[in-house]
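Open the model in your viewer and keep the selection panel at hand. We will go stop by stop, first within a chain and then between chains.

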Amino acid sequence: MKRSGNVILIAGFGFFLLGFVVVGLIPWLQPKQSTHTIVNLKGKPEPVNEITGAAAKGRLVYIHEGCWVCHSQFVRPVSGEKQYYGPVAQAGTYNYQLPMLMGKRRIGPDLSDEGGKHTNDWQFAHLYDPNSISPGTIMQPYPWLFHGSSAKPTKRAVELVAYLQTLGTDVAEGTGYKSYWQYKAAQVSAVSTVVSNTPQAVREGMKIYNANCQGCHGIKGGGNGPAAASLKPAPWNFTSGKWMSKYGTTDKDIYNRIAQGVPHTSMPEWATTLKPNQIWEVLYYIKTFSQKKTA
Amino acid sequence: MEESLDSYVDKGLVKTYLFTAVIWLCIATTVGFLLSVKFWWPAFLSNIPYLAFPRLQMVHVNGVAFAWLFTAFFGVSYYYVPRLTRQKLFWVKGAWLLYFLWNFIVVAAVIEFLLGNNKGLPYAEIPIWINYIVVVAVVIYAINIFGTIFTRQENQLYVSLWYLMAAIVWSALNYIIGNWIPYYWATGNEGAMLNGFYFHNVVGMMVTPLGLAIAYYVLPIGTDRPIYSHKLSLIGFFALAFIYPFTGAHHYIYSPIPVWVQTIAIVTSVLLIIPVWVVITNFFGTMKGKWTKLTESIPVKFVILGSVFYLLTCFQGPMQSLRSMQKIIHFTDWVVGHAHMALYGAFSLFIFAAIYLMWPIISGKEMDKKLGNWHFWLGFVGFSIMAMVLWAAGLIQGILWIAQVPFLNTVWDIQPYWVIRTVAGAMMVLSFFVLLYNMWKTNKEAASMD
């Protein structure tokens with residue numbers, strides 16, 4: 001009868017609005033939900049900066065190009081994400097964001113703490129042709145953000161990279177470091193040898209090198225990978241012994257270069273991405289390049 | 001009696017809606033196929049900005065949800081509402097107006113996506129100016145359906161009509177909440193909560209009730225016996241209405257949104273087992289003693305396979321909302337497999353069942369059964385392979401990430417699975433073209449008979 005129709009209408013409205021109020025509106029009233037303060041890397045509360053200027057425009061480019069379709073922006077407190085991506089997401093980080101860009105997939109890696117991880121050079125080279133730096137990546141190239149080469153970014157590319165460089169930098173405020181990565185690199189101390197130099201370790205090292213290093217340093221370690229031309233200063237050539245002399249020749253020194261990255265160059269720190277044993281394996285593999293030369 | 005029920009239905013209207021819907025299905029899934037190729041051949045179509053991966057991804061997702069499912073839901077409802085109410089459609093011109101408006105919305109959204117214009121909110125990507133038109137469209141549809149139901153000549157209000165009416169109300173509320181508030185007002189965490197609320201409700205409170213309305217309509221006709229229990233229908237409906245609105249936050253487990261909201265989402269997600277199993281008990285109860293229909297009748301075949309997938313989706317869903325599962329599968333391909341099982345496995349199959357039931361009546365000629373079986377098996381096998389591959393790939397990704405394997409190395413490890421996914425996806429797309437051809441052929445032959 002007609003009444004049953006009305007019952008359904010009222011029930012439909014009622015339950016739905018109840019759900020909206022309970023899980024939509026009540027949390028809004030919690031002060032923790034709308035805070036603009038986060039705890040920095042040294043455990044002190046710090047206000048979050050609202051992004052402005054070029055970075056704010058870059059955020060619109062990030063939305064327009066659909067970066068958020070493949071990249072998430074929240075680090076969970078589980079599954080070892082803290083070790084891999086950076087500090088666990090805090091509510092305050094997001095509360096100036098409209099719309100929020102937490103994302104839903106990781107077709108590519110999380111970008112919560114991308115700021116300061118790579119140089120602008122690196123970002124431009126990677127956006128122009130991701131495969132040149134990360135061989136085998138499935139990321140979409142964005143040549144339309146450039147005037148024909150990675151050295152000539154358009155205004156939109158500059159804005160996008162300005163935005164990427166702000167991501168996750170708030171946790172470093174008040175610590176004396178510019179970004180989480182700089183802070184992290186300073187924490188890395190020489191790690192004792194956890195893997196010995198065996199053919200097995202070299203093979204493992206080759207796998208990691210081919211995925212993560214050859215884009216800049218070249219498949220044969222010649223410092224001439226596809227992305228090398230875009231980077232200043234140029235990546236190291238491992239085939240001659242010269243590269244070692246600048247930073248010291250012991251394994252420990254080399255280890256620290258890989259783990260901490262090299263300031264003012266496109267060499268990022270790898271201590272977050274690679275575990276100590278993996279860094280040792282890569283190290284052993286890198287050393288084979290110059291051995292072949294002398295042999 | 002059958003003849004008299006037929007006279008309530010505007011056949012041309014239903015035919016146009018359904019044919020358009022299946023064309024959109026073919027287009028949206030072909031785009032999905034192109035996307036799957038990009039996973040293992042990233043250079044494919046990559047230098048044309050309009051065909052960039054993220055843009056096509058939005059076309060695929062919104063195309064399947066809004067262009068295929070909703071056009072079909074509208075079309076099928078213009079068939080069963082007049083028959084169940086013994087009343088002609090309240091506003092036939094309104095239904096045609098909706099047809100043009102809806103297709104305008106779809107075309108406009110596709111163009112905007114290809115140009116890169118989107119709102120940046122998952123599943124609410126459609127630009128805001130189009131959202132206004134969608135609301136107008138829903139109002140037109142609501143006037144038509146409520147008008148027909150409130151002036152009906154049949155006293156009994158069958159369960160399909162409850163689901164339909166409720167779905168219209170929920171759609172309107174949910175669409176407004178999900179598209180406007182997180183875009184203009186709700187920042188950060190609040191935005192995430194409302195986005196989760198919205199996009200789970202698109203599936204749960206828009207697609208699910210509209211799909212179940214169709215299944216409830218098709219099954220008794222296909223099996224030629226009344227629905228097993230009206231009491232179960234009632235319990236299933238109200239359990240769905242009460243539980244679903246609380247589940248949305250399970251898309252943001254372990255994010256900075258309040259832990260208690262996440263917990264409510266997990267608990268209610270597990271509770272969803274109740275309405276789902278009630279509905280499935282009702283469907284399988286109706287089949288009792290009629291299981292031979294499964295081999296004879298194509299509509300029954302589709303509706304029962306859809307029910308099985310519905311059961312599986314809605315068991316998988318609650319399980320994957322648990323925190324222990326979330327640790328592994330969140331952000332991975334697993335979730336994509338799950339989404340396909342809901343939207344293809346359950347609800348698209350219900351619509352296919354309705355098409356095989358209705359098309360002979362509205363076109364005046366039986367459909368080609370052999371092609372119908374090809375459609376069924378190609379889709380079934382293709383989907384099963386695709387889902388398995390995505391779940392396997394998702395578990396591998398999740399476990400490799402926990403093991404701290406560098407991201408790029410994990411991409412390499414998954415590549416073979418993505419190739420298989422493309423092959424399986426191609427089978428599904430092919431099955432949709434078979435359906436389109438079958439509908440076109442039937443219609444053409446019917447026209448030449450006159």
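Start with chain A. Select residues 45-178 for domain 1 and residues 188-294 for domain 2, as the domain assignment gives them. Keep in mind that this is a predicted model. The centres of domain 1 and domain 2 of chain A, taken over C-alpha atoms, lie 25 Å apart.

Next, look where these domains meet. Domain 1 of chain A brings 14 residues to the contact, and domain 2 of chain A brings 16. Together they bury about 1,200 Å², with 56% of it on carbon and sulfur atoms. How many salt bridges are counted between domain 1 and domain 2 of chain A? The count is 0. Polar contacts do turn up: 3 residue pairs across this interface. Now select helix 4 (81-85), helix 6 (120-128) and helix 7 (130-133) of chain A. Each supplies at least two residues to the domain 1 side. That side holds 6 nonpolar, 6 polar and 2 charged residues.

Now show chain B as well. Here 80 residues of chain A touch 90 residues of chain B. The buried area is about 7,200 Å², and carbon and sulfur atoms give 69% of it. Between the chains there are 2 salt bridges. Zoom in on one of them: A:E65 and B:R55 meet at 3.0 Å, N to O. Polar contacts between chain A and chain B number 23 residue pairs.

Finish on helix 1 (2-29) of chain A. Helix 1 gives the most to the side of chain A that touches chain B, with 22 residues. By class, that side has 44 nonpolar, 27 polar and 9 charged residues.

Notes. Residues are numbered from 1 along each chain as its sequence is written. Chains are lettered from A and ligands numbered from 1 in the order in which they are written. This is a predicted model: local features need pLDDT of at least 70, side-chain atom pairs count only at pLDDT 80 or more; totals for chains, interfaces and linings use all residues. Side-chain values use heavy atoms; hydrogens and water are left out. Domain bounds come from an automatic or database domain assignment. Contact means heavy atoms within 4.5 Å. Buried area is the accessible area (1.4 Å probe) that two parts lose on being put together, summed over both. A salt bridge is a side-chain nitrogen of Lys or Arg within 4 Å of a carboxyl oxygen of Asp or Glu. A polar contact is a pair of N or O atoms within 3.5 Å; within protein, one must be able to donate a hydrogen and the other to accept it, and residues adjacent in sequence count only if both atoms are side-chain atoms. Helices (H or I, at least four residues) and strands (E, at least two) are DSSP runs, numbered from the N terminus. Ala, Val, Leu, Ile, Met, Phe, Trp, Tyr, Cys and Pro count as nonpolar, Asp, Glu, Lys and Arg as charged, and the others, Gly among them, as polar.
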